[in-house]
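Colleague: I should be grateful for a close look at the cysteines of this chain. Which of them are joined, and which are not?

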Amino acid sequence: AANIDASLSGHKCKEVFGYPISIFFIIVNEFCERFSYYGMRAVLVLYFKYFLRWDDDLAISIYHTFVAFCYLTPILGAIIADSWLGKFNTIIYLSIVYAIGQVAMAVSAIHDITDSDRDGSPDNLTFHIVLSMVGLLLIALGTGGIKPCVAAFGGDQFGEHQDKQRRTFFSVFYLCINGGSLLSTIITPILRAQNCGIYSKSKCYSLAFGVPAALMAVSLVVFIMGSGMYYKTKPEGNIMLKVSKCIGFAIKNRYRHKSKQYPKREHWMDWAEEKYDKLLIAQIKIALRVLVLYIPLPMFWTLFDQKGSRWTLQATTMDGNFVSLVNEPDQMQTINPILILTLVPVMDSLVFPLIKKCGLNFTPLKKMTVGMIVAALAFVCAAVIQLQIDVSGGQVVILSLPGTNEILKTHSKCYEEYFTFESDQITVSIGNPSVSRDVSLTKEQRQTLLIPSAINDDWQLVRDLHKILFINGMSTPVNVSSAAVHYDQIGPLHYSNYSEIKNGRATFTLQSGSQSCEYSKDFGFGGSYTFFIPSTLTLGPNCHESITESVDIKPNSVHMALQIPQYFLITAGEVMFSVTGLEFSYSQAPSNMKSVLQAGWLLTNSFGNFIVLIVAEIAKLPKQWTEYILFASLLVAVSIIFSIMASFYTYIDPTAIEAEFKKKLHDDEDDKKEELQKSEFKMEKRDSVSSDNGDKKHVQTSM
């Protein structure tokens with residue numbers, strides 16, 4: 001914005017309380033867009049796992065690939081805005097792409113589109129996967145493309161006399177980002193937890209994606225409404241392209257003159273002097289000193305962004321009952337923006353000044369190093385909690401046989417009623433004569449094997465989630481219904497579909513013919529249950545005494561509140577690392593290189609998400625807690641390397657160096673002008689003498 005102050009000085013905008021009216025549209029636009037992005041992202045990994053039925057590793061891989069692309073595309077958006085379309089048009093066009101992507105995600109989560117058997121689950125997963133991947137690609141292009149444009153476009157609206165208002169705008173702008181993030185991570189998980197559907201009820205991912213899509217549409221409409229009030233600058237060329245070309249020319253020119261006959265130059269960037277301005281080369285040298293320090297930084301983001309993937313999946317295996325409130329697993333992410341809004345002022349006004357008073361030189365690079373170590377400690381906490389979760393769970397297989405009064409069960413080492421298989425291939429034999437089937441299990445997943453009374457029919461293996469199942473052992477059909485779940489009629493000696501149920505107390509109505517009875521049960525968080533209706537059941541007031549209950553998965557016993565310390569540590573690490581890192585980068589960057597360093601900072605985030613994929617793929621550790629320890633160890637090692645690099649860094653004042661360099665260039669130009677003037681004076685004097693001699697010869701000839 002500072003580059004256009006001169007042109008803004010004559011630009012008149014309508015103002016309210018000293019602020020251009022146009023910025024209010026921009027602030028509302030940013031709030032809605034951030035709500036849209038973070039709301040969709042909050043439930044994304046659970047959508048992959050439970051709706052698309054991907055395993056944890058695939059869900060996490062696609063999640064981090066998406067986040068990585070969201071931090072790659074801002075560079076593309078900046079180049080498009082600065083070189084061709086301008087900020088306003090770039091925001092409009094890419095917001096349309098963004099909104100289409102959000103709508104595609106909402107449509108991909110409607111299970112009724114392909115749910116031909118009306119069991120609440122999509123049958124043609126290929127349709128949903130393709131549509132969701134297209135949606136995520138468009139969202140990554142949209143959110144990343146407008147990221148560098150919106151804040152800069154807001155800054156463009158202020159004149160040179162409005163420095164104070166501009167600073168206030170950026171503070172409010174940052175508040176809107178965190179406000180949108182906070183509200184969306186509270187609201188969208190609540191929407192996801194609802195049951196919805198046209199023909200059958202299931203978790204409402206379509207609504208959880210639909211609301212962010214609607215907010216993105218509102219964001220676009222609001223931004224367009226202010227079109228007539230905006231000050232729109234024309235594209236003036238992108239500094240990143242100019243820097244890239246200058247560095248490329250320096251490398252190429254150095255390679256051409258690598259033989260010993262050419263004299264060495266003080267810095268390899270000096271080989272660009274034949275084509276580029278010396279001031280630009282000096283500014284690039286300063287920026288490169290900072291960019292070299294960015295090399296170890298992606299590892300921090302490798303850990304930080306897993307709070308939306310691994311930590312969310314960890315929360316699904318925990319108890320979310322907070323007294324009278326029920327906290328959804330994906331709502332735990334709200335702790336981060338809450339703590340950000342709390343810790344930033346506390347750190348700036350209390351912690352850092354206190355450290356300074358103690359006489360410690362807590363430089364920005366030292367703060368970043370400590371932030372890395374604190375983030376590593378957060379993953380140590382996550383590992384400890386994971387160990388507690390692993391003690392309370394295991395792979396479970398239940399054998400249910402309709403047609404008898406018994407439920408045949410194998411027994412496990414964790415719970416006395418269950419059994420854990422080491423192999424993922426088992427053979428089950430049952431009946432007389434014996435019927436055997438090979439069953440393929442999914443490792444580290446709880447599953448139920450349903451064997452019908454006609455044992456030669458198909459056997460069904462289902463994953464045990466937070467669901468319930470009814471098995472009808474009677475010789476007559478039974479209807480089972482409740483306020484949240486309605487089953488189709490369960491035939492004699494048959495079983496119902498698995499249906500999701502919320503925790504808390506639920507009442508079921510069992511009806512056969514004209515007779516009915518009610519059965520009530522308190523459901524724990526994360527539990528899975530099977531209810532067996534015996535052949536001797538008499539429908540009446542006391543029918544609940546005859547129904548046999550099997551707890552396939554005991555409710556989660558490790559409480560979600562135990563995740564709070566790891567969220568506190570990762571957020572404290574973010575404040576010391578991210579906020580300080582941006583401040584350091586801007587303070588050490590030349591005036592026209594701040595966007596280059598911003599691009600470099602975003603790239604560290606992108607590369608960090610790719611590292612998640614690489615490390616998880618290479619390591620392939622059998623236990624999740626060992627993976628947490630691995631990531632923590634890697635970050636500690638990287639923080640040591642970074643601290644060594646930082647010890648060799650010398651803090652500078654780029655503004656003073658630029659001013660000194662410009663003065664030197666100005667002095668050199670003055671010297672050249674002075675020499676040129678002297679040379680011209682000598683030439684004029686010589687011409688004058690020559691002219692006088694010619695005149696004398698002419699006079700003599702005349703005489």
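Modeller: The answer below takes up the joined cysteines and then the others.

This is a predicted model, in which local features need pLDDT of at least 70 and side-chain atom pairs count only at pLDDT 80 or more, while totals for chains, interfaces and linings use all residues. Residues are numbered from 1 along each chain as its sequence is written, and side-chain values use heavy atoms, with hydrogens and water left out.

A disulfide is here a pair of cysteine sulfur atoms within 2.5 Å. By this rule the chain has 2 disulfides. When the bonded cysteines are counted along the chain, their pattern is 1-2, 3-4.

One disulfide links Cys-196 with Cys-204, and the distance from S to S is 1.9 Å. The angle about the S-S bond is 100°, and the link of Cys-196 and Cys-204 is right-handed. Cys-204 has 4% relative accessibility and therefore counts as buried; the term buried means under 20% relative accessible area, exposed means over 50%, and partly exposed lies in between, with a 1.4 Å probe and protein chains only.

Another disulfide is formed by Cys-517 and Cys-543, whose sulfur atoms are 2.0 Å apart. This link of Cys-517 and Cys-543 is right-handed, with 95° about the S-S bond. Cys-517 belongs to strand S17 (residues 515–523), whereas Cys-543 is in the loop between strand S18 (528–533) and strand S19 (548–553), so the pair ties together parts that are 26 residues apart in sequence. Strands (E, at least two residues) and helices (H or I, at least four) are DSSP runs, numbered from the N terminus. Both ends of this link can also be placed by their accessibility: Cys-517, at 5% relative accessibility, counts as buried, and Cys-543, at 1%, counts as buried as well.

The account now turns to further cysteines. Why does Cys-32 form no bond with the closest cysteine sulfur? The closest cysteine sulfur to that of Cys-32 is in Cys-176, at 9.3 Å, which is too far for a bond. Cys-32 counts as buried because its relative accessibility is 5%. Cys-246 has 0% relative accessibility, so Cys-246 also counts as buried.

In summary, the links are Cys-196 to Cys-204 and Cys-517 to Cys-543, while the sulfur of Cys-32 lies too far from that of Cys-176 for a bond.
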